[in-house]
Amino acid sequence: MLYSSFYDTCVIDEKISSVEIQLLTTPSKSKRPLYVIKTPKKKLNLRSPSKIDLKSKIKILYRENKTLKQKIRRQKNTICNIKDLLKELKDKKLIETDSEMLLLNKFDGLPQEIVSNMLKNKNKNATNRRYSKIIKEFALTLYFYSPKAYEYARSVLILPHQKSIRNWTSSVDGEPGFLKEVLDSLGTLDHIDKHCNLTFDAMSIKKQVLWSVKEGKFIGFCDLGNELDLEGTETVATEVLVFMLVSLNGKWKLPIGYFFLNKITAVTQAELIKTALTLTDNVGLTVWGITCDGAYSNLATMKILGCEFENQKYDDIKCWFNHPVNNSKVYFIPDACHNLKLARNTLGNCKTLESDNGYIRWEHIYKLQEVQNELTFKFRNKLSASHINWQNNKMKVKFAAQTLSSSTADALEFLKKINFPNFYNVDATVQYCRAIDKIFDFLNSKSCFSKGFKSPISKNNIDVLKSIILPLVDYLYTLKYNDNLLHKSNKKTFIIGFTIAVKSLFSIAETIFSRQFTSMNFSYILTYKFSQDHLELLFGQIRQRLGSNNNPNVVQFKTAIKQILLKNFIKCKSNGNCNTFDDDITGGILDFKWSKKVVDVYEDNFSQNQDDEELINRMSLLNNVSTDMKEAKENIIYYILGYIIKQIIKILDCESCKQCLFKDVTDHDYCNVQLYTQFTEFKNNGGLISGSESAYKIIREAENYLIIFTSNLKTLNVQNLETKILYNCINKFSLNTSIFPSLNCPNITILEKPHKITLITILVKKFLSIRLKSYGKMFSCNYLNPDSKRHKLNKIVLFSHHEQVNSELDVNSEY
């Protein structure tokens with residue numbers, strides 16, 4: 001009896017173990033019984049004792065089977081990730097505690113999700129695989145940095161297809177203008193999280209005109225969204241103006257709109273700011289301030305909005321304007337980092353400034369660097385040759401901050417104390433460095449735990465900070481250059497900028513800490529929230545797309561913005577103009593969803609990205625608008641027709657439609673060869689396709705309408721250009737009996753589109769795709785960028801060392 005029970009137990013354990021081995025590889029819960037009992041074809045005699053005994057055994061086995069299935073189901077519910085799997089293995093004493101902790105530390109977070117994803121989707125078809133949120137974020141981030149790296153990763157890991165990522169990207173409504181999806185998402189936040197700061201800045205983009213198959217028009221021109229035209233329809237965009245919101249007490253920072261422009265005017269910029277404030281107010285957001293750099297157009301914009309700061313001191317400056325909707329005060333906060341660089345640039349260019357304490361000299365900082373070079377040690381500062389030769393690194397904030405820092409002032413003061421030669425009169429330079437350093441630290445507080453001037457503004461220290469910072473602002477107004485007050489010269493920008501920023505932040509803090517806003521529960525304010533660094537970091541992320549792209553075009557910028565708005569792990573690199581001081585993700589607010597798109601199998605089933613590059617280059621002859629080249633142009637059009645037919649026959653199911661596209665054998669007339677077929681016959685070695693006369697007439701007419709609607713290819717920014725050309729071609733040829741006379745394919749249903757119209761549509765669309773893509777490339781290369789200085793200078797930098805080495809080798813070879 002004991003042996004029998006032990007044997008039964010072993011059998012059950014063996015069954016459980018066999019199921020557990022397949023547990024992690026089973027894609028879904030199995031509903032099939034573990035033991036399939038086949039019923040005999042003959043009817044059982046239930047009165048027979050053997051039959052009764054067999055029936056009882058069947059019931060026992062059925063109960064055991066049900067119990068085992070229930071146990072397996074419960075195990076499947078518990079073992080859903082690596083952590084639960086390790087716990088199960090530990091309970092069964094298959095691994096030790098130390099091994100469990102080691103595996104948990106190794107596979108925690110993303111690696112754990114990757115392993116779980118591999119186990120979950122291992123035996124599933126590609127269409128049946130489901131991915132977790134973390135896997136999607138990882139896939140999008142890797143694809144953002146390098147599509148080739150992602151392709152390699154997919155060969156090793158089970159990850160979403162590239163088309164899935166492109167579909168998620170296209171689901172985001174990220175066209176130029178203000179982004180409605182982002183604003184609607186911000187409207188769902190808690191009331192306490194809706195207090196924010198608005199910052200804007202422009203980023204340079206590549207001057208390039210491209211044909212967009214999706215939009216059916218040329219893109220790359222100035223675009224303010226909603227078909228607004230404030231810059232001119234034929235003006236090619238050279239920069240993109242981006243607006244971003246940064247939360248004051250939360251960890252979100254999101255771009256809310258962008259516009260393709262060419263040297264925006266102050267009036268246009270002021271209207272865009274008013275629109276941004278109106279839209280944010282509509283979703284319940286409270287914008288306390290606006291941050292931008294000290295460019296002339298930005299200062300002019302703030303004057304238009306209502307600020308007053310021309311030749312005025314601290315008490316007389318009006319650093320706010322009324323909100324266009326609720327009439328509240330919106331404060332202007334010039335970016336501290338740009339003002340810091342301007343303070344360094346002013347001293348570096350002027351060489352000498354005057355103060356009540358003496359002369360401020362750039363020479364003192366230069367000599368300090370020379371002394372440190374001779375000593376091969378540093379007096380606890382960061383000065384280097386890059387800091388002294390700041391013209392080559394004028395955009396780097398850290399070089400300006402390290403030059404005019406307290407550590408530089410300490411080193412100068414120490415050299416004076418020990419009576420080091422040439423450092424006797426450094427008091428004014430030390431005072432200037434300390435003043436700029438303290439003001440910048442106050443405007444750049446990042447942590448609630450910081451001390452000194454980097455501490456945040458709170459109810460307890462606001463009076464103390466005012467007593468220290470305001471005298472430093474007054475000190476800036478005493479600076480002179482060539483016996484003239486600096487704040488009244490053309491080098492006044494950093495003085496006015498620091499003054500406005502200090503006054504605005506103190507005003508915002510006093511308002512938030514007042515009794516009127518006690519419901520906000522703000523215990524402190526971080527001044528870094530009013531910095532433009534957040535927008536600079538966004539630009540750095542955009543430039544990181546595809547590895548390193550510091551000059552993106554319009555399409556690349558659009559795609560980057562859409563992917564950044566999706567949930568991701570994208571972070572900015574550390575060698576940009578400004579450093580990353582927090583782990584907050586810019587964007588990452590929109591969820592992954594599939595783009596709902598109705599696809600016409602006859603129109604959009606062929607890939608628009610498979611156009612032969614050599615074919616596009618050959619079409620450069622078509623771009624010549626001279627009438628003297630009409631015959632050559634017709635020959636090129638007929639040559640292109642063969643390539644178009646080769647592409648579209650792959651998607652056609654109707655045999656009659658296919659035959660109508662090819663030149664009929666009976667059409668051969670060796671006594672009267674058509675002139676437009678000569679080039680194709682000349683190049684044909686047996687592989688080229690000769691199109692029918694009807695197909696040739698259609699694409700030739702499409703070319704004629706293109707010339708008409710673009711004014712002989714002089715006006716490219718034509719709305720719905722493709723639709724207009726297609727409409728006219730269909731109207732001209734749909735009822736023409738001489739076009740496709742041998743077409744004989746009656747429609748299957750009444751609602752089906754006539755095959756003749758379908759053939760005209762796909763011929764015109766494919767031709768325009770190739771034709772306009774070619775002309776956009778030629779227009780960008782020959783007219784917009786005829787001499788690429790960027791490419792030339794980049795090559796000079798890359799090969800400068802190589803040429804120097806070669807010259808040295810040549811000199812040595814002479815000896």
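What does the chain average in pLDDT, and what share of the residues score at least 70? I began here because this is a predicted model, and I noted an average pLDDT of 80 for the chain, with 76% of the residues scoring at least 70.

**Entry 1, low confidence.** I looked up where pLDDT stays under 50, and found that residues 15–39 are one such run, for which the model has 34 contacts beyond four places in sequence. Residues 598–610 also stay under 50, and there the model has 24 contacts beyond four places in sequence. I leave the details of both alone, because predicted coordinates should not be read in detail where pLDDT is low.

**Entry 2, helix H10.** I followed H10 through residues 266–282, which makes 17 residues, and noted that the helix reaches 25 Å from its first C-alpha to its last, close to the 24 Å expected at 1.5 Å a residue. Among the residues of H10 that I found buried are Ala266, Gln269, Ala270, Ile273, Ala276, Leu277 and Thr280. An α-helix has 3.6 residues a turn, so residues three or four places apart point the same way. After the helix comes Gly284, whose phi is positive, near 90°.

**Entry 3, helix H11.** In H11, residues 296–305, I found Asn298, Ala300, Thr301, Met302 and Leu305 buried. I then asked what covers these buried residues, and the list includes H10 together with strands E2 (195–204), E7 (286–292), E8 (320–322) and E9 (329–334). Just after H11, I noted that Gly306 takes a positive phi of about 135°.

**Entry 4, the nonpolar cores.** The largest nonpolar core has 140 residues, and the members that touch the most others are Phe243, Met302 and Tyr432; Met302 is also one of the buried residues of H11. Helix H19 (residues 493–512) gives the most to this core, with twelve residues. The core lies between domain 1 (103–121 + 129–170) and domain 2 (336–496), because both give residues to it. Apart from this core I found another, of 56 residues, among them Tyr638, Leu641, Ile739 and Met778.

**Entry 5, around Tyr432.** Leaving aside neighbours within four places in sequence, I listed the contacts of Tyr432 as Ala343, Leu347, Leu353, Ile360, Leu404, Tyr475, Leu479 and Phe494.

**Entry 6, strands E10 and E11.** I turned last to E10 (residues 352–355) and E11 (residues 358–361), which pair in the antiparallel sense over four bridges. A hairpin joins E10 to E11 through two residues, and Ser355 stands opposite Gly358 in E11.

Conventions
Residues are numbered from 1 along each chain as its sequence is written. This is a predicted model: local features need pLDDT of at least 70, side-chain atom pairs count only at pLDDT 80 or more; totals for chains, interfaces and linings use all residues. Side-chain values use heavy atoms; hydrogens and water are left out. The expected span of a helix is 1.5 Å times one less than its number of residues. Buried means under 20% relative accessible area, exposed over 50%, partly exposed in between (1.4 Å probe, protein chains only). pLDDT is the predictor's confidence in each residue, from 0 to 100. Contact means heavy atoms within 4.5 Å. A nonpolar core is a set of buried Ala, Val, Leu, Ile, Met, Phe, Trp, Tyr and Cys residues joined through side-chain atoms within 4.5 Å. Domain bounds come from an automatic or database domain assignment. Two strands pair if DSSP finds at least two bridges between them.
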